[in-house]
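Okay, everyone, thanks for coming. I'd like to walk you through one structure today, piece by piece, so have it open in front of you.

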Amino acid sequence: VSAAEWQKLLPGIWFFDPAFMATAACDSAITYLDGEAGILRYRGYPIEELAERSTYLEVAYLLLHGELPTAEQFEQWKHDITYHTFIHENVRKRFLEGFHYDAHPMGMLVSAVAALSTFYLDAKDIFNLESRNKQIIRLIAKMPTLAAAAHRFSVGMPFVYPDNSLDYCANFLSMMWKVAEPRYEAHPTLVRALDILFMLHADHEQNCSTTAMRVVGSSHADPYSACAAACAALYGPRHGGANEAVIRMLTQIGSMENVPAFVESVKQGHGRLQGFGHRVYKNYDPRAKIIKRTADEVFAVTGKNPLLDIALKLEEIALADEYFVSRKLYPNVDFYSGLIYQAMGFPLEMFPVLFAIPRTSGWLAHWVEMLDQDSKIARPRQIYSGAEKRDYVPMDQRS
Ligand code: ACO
């Protein structure tokens, strides 16, 4: 029974569910998640199989179109995305370079994505399919360019234009790290690792940022504005900031010998094990298993992240401890992703940005689905708990 039908059956009956813990806000055919069994599928395809055999751009197509592309469809898709990687010079020169010299790259990204809506006047035309698809392609194509530009500005390095002879992830790494001509070619293992991480982060059903995307999108705002809202949700430490918190926690622990004492302090209520636990997963996060394998491949190229041994010890102790077992607290996707990003040279501030780039395809898939469902504007009610009716008191009579 839909919510609208409930309203007819039981007028005046509402459900009080402040953090939407027991509310299905929509029906969706994009991502299947079984938190008890640790299962994640995009459009029916297990995440393990996609991570093994697919690429991020193919997964983005799958999320948006519901089917894996044929060779011809994929070539066109890749061509269209590559064609749109450049950003308007004013976005960079006047907008991004207008930020304070030490601006946080995620703050810059939130604002820059919102600003894009003013550069594409057809963005408002969300029920024209041609225009809608163009905005989708623009957003997926430009996110890495904006992300790299934000990073380079925040460390005082000059902007690097996209190299469209490179694939999506290789192009992003080139924009991030290139220092001299003729071109920057990242190690293929690192390119593939980033591609895998992007696939793992592409969608996760109705998480906080996707909900923000759907809620803002339900007002029929343009996709850039809705995506900016989703980015803003991801900026929060409880969502996109968890892998940064993991690195800070491992650094604070400092050595393997300190792990048992740290775990005890968490059990005593002093903080949480960052990268552990999940609202939906009450089992090992399937993405964490894949990431662990990817980490080994990356460290073979970059050298081992010195924090890895602490992370492994922490996992070993926690998984054997009744406190964590009884609460079904397992490592989540963020427990190892930060270690990989750090080994690849990304500063901590870039971690939420690295999450936003691939999640853009998931956000857009949900936005399209929501528009196609002709959904009503998201407008929850509340339980009012304020004052009863009062009479106005003139200022000179207030105590
Ligand atoms: N370390 C220690 N104890 C924990 C942890 C943790 N990481 N997570 C939950 N618990 C405990 C709580 O203290 C609580 O114990 P209690 O029943 O004795 O009070 C119990 O487990 C349930 O915790 P809740 O907060 O009710 O669980 P919720 O589903 O609301 O929280 C969350 C999920 C926010 C992810 C939580 O597990 C957490 O804070 N984890 C650490 C941060 C993190 O890794 N976030 C990334 C999530 S993945 C993502 O966003 C991509």
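Let's start inside, with H17. The buried residues there are Asp334, Phe335, Tyr336, Ser337, Gly338, Leu339, Ile340, Tyr341, Gln342 and Ala343. That helix runs over residues 334–343, and 10 of its 10 residues are buried, so H17 is largely enclosed by the rest of the structure.

So who is doing the enclosing? Which helices do the buried residues of H17 pack against? They pack against H9, at 188–200, and H12, at 242–253. Add to those H14 at 286–302, H15 at 308–319 and H18 at 351–372. Just past the end of H17, glycine 345 has a positive phi of about 105°.

Before I go on, a word on what you're looking at. This is a predicted model. The average pLDDT over the protein chain is 93, and 99% of the residues score at least 70. For the model as a whole, ipTM is 0.91 and pTM is 0.92. As a general caution, where pLDDT is low, the coordinates shouldn't be read in detail.

Now zoom out to the whole chain. DSSP gives 18 helices and three strands in the protein chain. The radius of gyration is 23 Å, and the globule rule gives 21 Å for 399 residues, so the chain is as compact as a globular protein of that length. If you box up the C-alpha atoms along the principal axes, you get roughly 70 × 55 × 55 Å. Of the 399 residues in the protein chain, 44% are buried. And how do the contacts spread along the sequence? Taking contacts between residues at least 6 apart in sequence, 78% of them join residues at least 24 apart.

On to the ligand. There are 17 residues around the ligand, and the ones that come nearest are Ala242, Arg272, Phe276, Gly277 and Arg279. What classes of residue make up that shell? It has six nonpolar, six polar and five charged residues. If you're looking for a link back to where we started, H12 covers 242–253 and is one of the helices that the buried residues of H17 pack against, and Ala242 is among the residues that come nearest to the ligand.

Next, the strands. The three of them make an open sheet in the order E1-E2-E3, with antiparallel pairing. At the edges sit E1, residues 31–34, and E3, residues 45–46, each pairing on one side only. E1 pairs with E2, residues 39–42, in the antiparallel sense over four bridges. If you want to find the register on screen, threonine 31 has tyrosine 42 in E2 as its bridge partner, and leucine 33 stands opposite leucine 40 in E2. Those two strands form a hairpin with four residues between them, and in the turn glycine 38 takes a positive phi of about 70°.

A few backbone details now. Two residues other than glycine have a positive phi that I'd like to point out. Phenylalanine 20 has a phi near 55°, and it's in the loop between H1, at 3–9, and E1. Is phenylalanine 20 buried, exposed or partly exposed? It has 14 C-beta neighbours inside 10 Å, so phenylalanine 20 counts as partly exposed.

The other is lysine 328, with phi near 55°. Lysine 328 is in the loop between H16, at 322–326, and H17, so to speak on the doorstep of our helix. With 14 C-beta neighbours inside 10 Å, lysine 328 counts as partly exposed.

There's a cis peptide bond, too. It runs from glutamate 181 to proline 182, and omega is near 5°. Proline 182 has its place in the loop between H8, at 168–177, and H9.

Last stop: isoleucine 377, in the segment after H18. Is isoleucine 377 buried or exposed? It has 9 C-beta neighbours inside 10 Å, which is why isoleucine 377 counts as exposed. Outside its neighbours within four places in sequence, isoleucine 377 is in contact with Ser218 and Ser219. Isoleucine 377 and valine 215 are 162 residues apart in sequence, and their C-alpha atoms are 7.4 Å apart in space.

That's my tour. Happy to go back to any part of it on screen.

How values were computed: Residues are numbered from 1 along each chain as its sequence is written. This is a predicted model: local features need pLDDT of at least 70, side-chain atom pairs count only at pLDDT 80 or more; totals for chains, interfaces and linings use all residues. A residue is near a molecule or strand if its C-beta atom, placed from the backbone, lies within 6 Å of it. Ala, Val, Leu, Ile, Met, Phe, Trp, Tyr, Cys and Pro count as nonpolar, Asp, Glu, Lys and Arg as charged, and the others, Gly among them, as polar. A residue is buried if 20 or more other C-beta atoms lie within 10 Å of its own, exposed if 12 or fewer, and partly exposed in between; C-beta atoms are placed from the backbone. Two residues are in contact if their C-beta atoms, placed from the backbone, lie within 7 Å. pLDDT is the predictor's confidence in each residue, from 0 to 100. The radius of gyration is taken over C-alpha atoms; the globule rule is 2.2 Å times the number of residues to the power 0.38. Two strands pair if DSSP finds at least two bridges between them.
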